Amino acid sequence: MGVDSGLPDFRGPEGFWRAYPPYRRLGLRFEEIADPEHFHADPELAWGFYGHRLALYRGTVPHAGYAVLRRWADRWPTRVFTSNVDGAFQAAGFDDETVVECHGAIGMLQCTRPCHDGTWSAVDVDVAIDEATMRARPPLPACPRCGAVARPNILMFGDGFWVPGHHAERMAAHREWLRAQDAQGLVVVELGAGTAVPTVRRHAELASAASGALIRINVREPGIRHGRGVSLASGARATLEAIDAALAA
């Protein structure tokens, strides 16, 4: 979904290294740098990556496909379930209460220890980065309670330190919303969810199990394993705009 807004595609080491050449020299793949242990062992390296992403997402304007989804949300009861951490749905005008960020959000911080279960906004955080080495320059964001290094409130690979916080509450509310819907009339539109971390794909298949109304939009992996639904091997923005045009015809 974010690629059409100009964000880099991290699928596969080559895609990640094209976006972040210094990590090629270090031999680090995305799943290795996106490891919470770096915030303990080498926080400057960890914040070099996440500080750069934080600034990148802040400067990214959601593409026109988000506006299509907003129009649909005005027409039909809608919820967003996303593994994206960029906050783009909220930036596109979705009510924060209707968005479930199952892997957390880069715009929120937490303690690395963590010394408590709270999270706080990163709105005032500005991390200086040496882009030649992709290392952050001190001072690094710190926990206001204990002074330890803070980190983005994102579920990373092998993460035993993530604080679910309000995400757990949103997930519970989302499940209640799903149970209250007419399962036979529920339509699920899935956008760009891959198989490497299949959280969104599995949720979409489960939510659409009764209706079979799953629209899977995915350039690389559009197949639906149970065969019930529509597979579209195309990009998010163009496909959403085409569907929207067909609905308006």
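**Briefing: sheets, cysteines and aromatic rings**

Ring pairs connect Phe10, Phe16, Tyr20, Tyr23, Phe30, Phe39, Trp47, Phe49, Tyr50 and Phe157 into a cluster. The model is predicted. The points below cover aromatic contacts, two open sheets of three strands, one parallel and one antiparallel, and the cysteines.

**Aromatic rings**

- A pair of aromatic rings is described by how far apart the centres are and by the angle of the planes.
- The count of aromatic pairs in the model is 18.
- Phe16 and Tyr23 make a stacked pair, with 5.5 Å from centre to centre and 5° between the planes.
- Both of these residues also belong to the ring cluster named at the start.
- Phe16 has a relative accessible area of 0% and is therefore buried; Tyr23, at 0% relative accessibility, likewise counts as buried.
- Phe89 and Phe94 form an edge-to-face pair, with centres 5.6 Å apart and an angle of 75° between the planes.
- Phe89 and Phe94 are both buried.
- Phe94 also has a charged neighbour: Arg70 lies over the face of the Phe94 ring, 5.5 Å from the ring centre.

**Parallel sheet**

- Three strands form an open sheet in the order 8-9-10, and their pairing is parallel.
- Strand 8 (188–191) and strand 10 (230–232) are at the edges; each has a single partner strand, so one side of each lacks a neighbour in the sheet.
- Neighbouring strands in this sheet are turned against each other by 15° on average, direction ignored.
- Strand 9 (residues 214–217) is joined to strand 10 by three bridges, and the two run parallel.
- Within this pairing, Ile217 is opposite Leu232 of strand 10.
- Helix 9 (residues 199–207) packs on the sheet and touches strand 8 and strand 9; the direction of helix 9 makes about 165° with that of strand 8.
- Helix 10 (residues 236–248) lies across strand 8, strand 9 and strand 10, and runs at about 140° to strand 9.

**Antiparallel sheet**

- A further open sheet of three strands has the order 4-3-7, and here the pairing is antiparallel.
- Strand 4 (120–121) and strand 7 (150–154) are the edge strands, each paired on one side only.
- Five bridges hold the antiparallel pairing of strand 3 (residues 104–111) with strand 7.
- Ala105 has Asn153 of strand 7 as its bridge partner, and Leu109 stands opposite Pro152 in strand 7.
- Although strand 7 is an edge strand, five of its five residues are buried, so strand 7 is largely enclosed by the rest of the structure.

**Cysteines**

- A disulfide is a covalent bond that links the sulfur atoms of two cysteines.
- The model has zero disulfides by the distance rule, which asks for two cysteine sulfur atoms within 2.5 Å.
- Cys111 is in no disulfide; the nearest cysteine sulfur belongs to Cys146 and is 3.7 Å away.
- Cys111 counts as buried because its relative accessibility is 0%, under the cut-off of 20%.
- Cys102 has 12% relative accessibility, so Cys102 also counts as buried.

Notes
Residues are numbered from 1 along each chain as its sequence is written. This is a predicted model: local features need pLDDT of at least 70, side-chain atom pairs count only at pLDDT 80 or more; totals for chains, interfaces and linings use all residues. Side-chain values use heavy atoms; hydrogens and water are left out. Two strands pair if DSSP finds at least two bridges between them. Helices (H or I, at least four residues) and strands (E, at least two) are DSSP runs, numbered from the N terminus. Axes are lines fitted to C-alpha atoms, for helices over the stretch in contact, and angles run from 0 to 180 degrees between N-to-C directions. Contact means heavy atoms within 4.5 Å. Buried means under 20% relative accessible area, exposed over 50%, partly exposed in between (1.4 Å probe, protein chains only). Rings of Phe, Tyr and Trp (its six-membered ring) pair if their centres lie within 6.5 Å; planes under 30 degrees apart count as stacked, over 60 as edge-to-face and the rest as tilted. A charge sits over a ring if NZ of Lys or CZ of Arg is within 6 Å of the ring centre and within 35 degrees of the ring normal.
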